[in-house]
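Subject: Structure handover

Hello,

Here is the structure for you to look through. Please open it alongside this note.

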Amino acid sequence: MPPRATDARRAAVLGKPIGHSLSPVLHRAAYDELGLTGWSYGRFEVDEAGLPGFVAGLGPEWAGLSLTMPLKRAVIPLLDEISETAASVDAVNTVVFTEDGRLLGDNTDIPGMVAALREHGIEQVESAAVLGAGATASSALAALARICTGEVVAYVRSAARAAEMREWGERLDVEVRTADWADAAEALRAPLVVATTPAGTTDALAAAVPERPTTLFDVLYDPWPTELAARWSMFGGAVVSGLDLLVHQAVLQVEQMTGRTPAPLDAMRRAGEKALAER
């Protein structure tokens with residue numbers, strides 16, 4: 001049974017640093033829309049060393065946790081079970097506390113990416129390009145495994161990163177070819193471009209946006225738009241933003257933690273947009 005609106009339940013986002021997180025804004029907007037007046041959602045700065053003690057100290061009023069870096073792998077040994085999606089990338093961003101005290105881990109980033117693309121009309125692509133090779137890039141490959149029927153080219157800065165991406169491709173059953181970052185401008189002609197790099201990394205590529213760009217999925221949301229996204233939009237290409245991803249993965253978290261479906265996507269997006277505009 002879904003919880004009553006007056007049930008006093010808690011949830012929070014953990015990570016380090018954590019002050020920038022929009023998760024409290026999104027989840028609280030969902031609680032307001034769903035009438036969950038007894039629910040609260042906070043943020044706690046927790047590192048890998050402090051995570052076991054923090055989790056062990058949580059009481060029965062806790063419904064769930066959202067996890068950001070550097071905790072997505074560190075939490076796995078503390079859980080009773082993780083989903084196949086989380087296991088596929090060795091990363092958990094969602095922990096749900098069951099009524100019998102078990103801790104279940106999931107990864108909503110991957111289906112969140114797929115849902116964000118679907119919202120923009122991208123159901124399937126013949127090929128794609130990924131800019132970067134960090135943790136977000138592996139999640140992007142897992143998402144592309146669901147929608148890309150052909151090759152994914154990953155543009156990376158080192159041989160070690162190239163090897164990691166090829167290994168992820170084998171694990172996720174994605175056809176991955178790697179290319180040097182020096183040739184990253186070539187990525188912009190792919191049917192779908194997924195930029196997973198830190199702020200400023202793709203700025204130099206903005207000048208290479210083709211006259212008729214296709215779809216760019218830039219996982220950043222602050223600052224926004226990135227130079228690449230702004231140029232892409234100016235040339236008429238479709239842009240999926242990091243806020244789109246953040247909202248869609250948060251929707252799935254809210255549904256799992258509260259048992260209420262569907263979560264209020266539009267209200268959560270408006271809250272996120274308002275918070276970013278006020279920064």
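What follows covers the pockets, the cavity and the packing of some helices.

One caution before the findings: this is a predicted model.

**Largest pocket**

Start here. The largest pocket has a volume of about 1,300 Å³. Its lining counts 50 residues, and Thr68, Met69, Lys72, Asp109 and Thr136 sit closest to the centre. Five elements give two or more residues each to this lining: strand 3 (62-67), helix 4, helix 5, helix 6 (159-172) and helix 8 (242-258). The lining is mixed in class. There are 23 nonpolar, 17 polar and ten charged residues in it.

**Second largest pocket**

This one has a volume of about 360 Å³. It is lined by 20 residues, of which Arg9, Trp62, Phe97, Thr98 and Glu99 are the closest to the centre. Strand 3, strand 5 (94-97), strand 6 (103-106) and helix 8 supply at least two lining residues each. Helix 8 gives the most, with three. By class, the lining of the second largest pocket splits into twelve nonpolar, six polar and two charged residues. Strand 3 and helix 8 therefore deserve a look in both places, as each is listed for the largest pocket and for the second largest pocket.

**Cavity**

How many cavities of 30 Å³ or more are there? The count comes to one. About 30 Å³ of space lies inside. The residues lining this cavity are Met113, Leu117, Ala140, Ala143, Leu144, Leu192, Val194 and Phe217. Eight of the lining residues are nonpolar, with no polar and no charged residues. Helix 4 (109-119), helix 5 (135-147) and strand 10 (192-195) supply at least two lining residues each. Helix 5 gives the most here, with three.

**Helix 4 against helix 5**

Both helices line the cavity, and they also pack on each other. The angle is about 60 degrees, and the axes are 8 Å apart. Oblique angles include those over 35 and under 65 degrees, so helix 4 and helix 5 are oblique to each other. The crossing of helix 4 past helix 5 is right-handed. On the helix 4 side, the contact is made by Ile110, Pro111, Met113, Val114 and Leu117. Helix 5 brings Thr136, Ser139, Ala140, Ala142, Ala143, Arg146 and Ile147. In this contact, nine residues are nonpolar, two are polar and one is charged. Met113, Leu117, Ala140 and Ala143 appear in this contact and also among the residues lining the cavity.

**Helix 5 against helix 6**

Helix 5 has a second partner to check. The axes of helix 5 and helix 6 come within 10 Å and cross at roughly 35 degrees. Helix 5 passes helix 6 in a right-handed crossing. From helix 5, Ala137, Ser138, Leu141, Ala142 and Ala145 make the contact. From helix 6, the residues are Met165, Trp168, Gly169 and Leu172. Seven residues of this contact are nonpolar, two are polar and none is charged. Ala142 of helix 5 is in the contact with helix 4 and in the contact with helix 6.

Best wishes

Key
Residues are numbered from 1 along each chain as its sequence is written. This is a predicted model: local features need pLDDT of at least 70, side-chain atom pairs count only at pLDDT 80 or more; totals for chains, interfaces and linings use all residues. Side-chain values use heavy atoms; hydrogens and water are left out. On a 1 Å grid over the protein atoms alone, a cavity is a set of points where a 1.4 Å probe fits but cannot get out, and a pocket is an open set with protein on both sides within 12 Å along at least five of seven lines; lining residues have an atom within 4 Å of a point. Grid points are joined across faces, edges and corners, and a volume is the space filled by probe spheres set on the points. Helices (H or I, at least four residues) and strands (E, at least two) are DSSP runs, numbered from the N terminus. Ala, Val, Leu, Ile, Met, Phe, Trp, Tyr, Cys and Pro count as nonpolar, Asp, Glu, Lys and Arg as charged, and the others, Gly among them, as polar. Axes are lines fitted to C-alpha atoms, for helices over the stretch in contact, and angles run from 0 to 180 degrees between N-to-C directions. Angles under 35 degrees count as roughly parallel, over 145 as roughly antiparallel, 65 to 115 as roughly perpendicular and the rest as oblique. A crossing is left-handed if the near helix is turned anticlockwise from the far one by less than a right angle, and right-handed if clockwise. Contact means heavy atoms within 4.5 Å.
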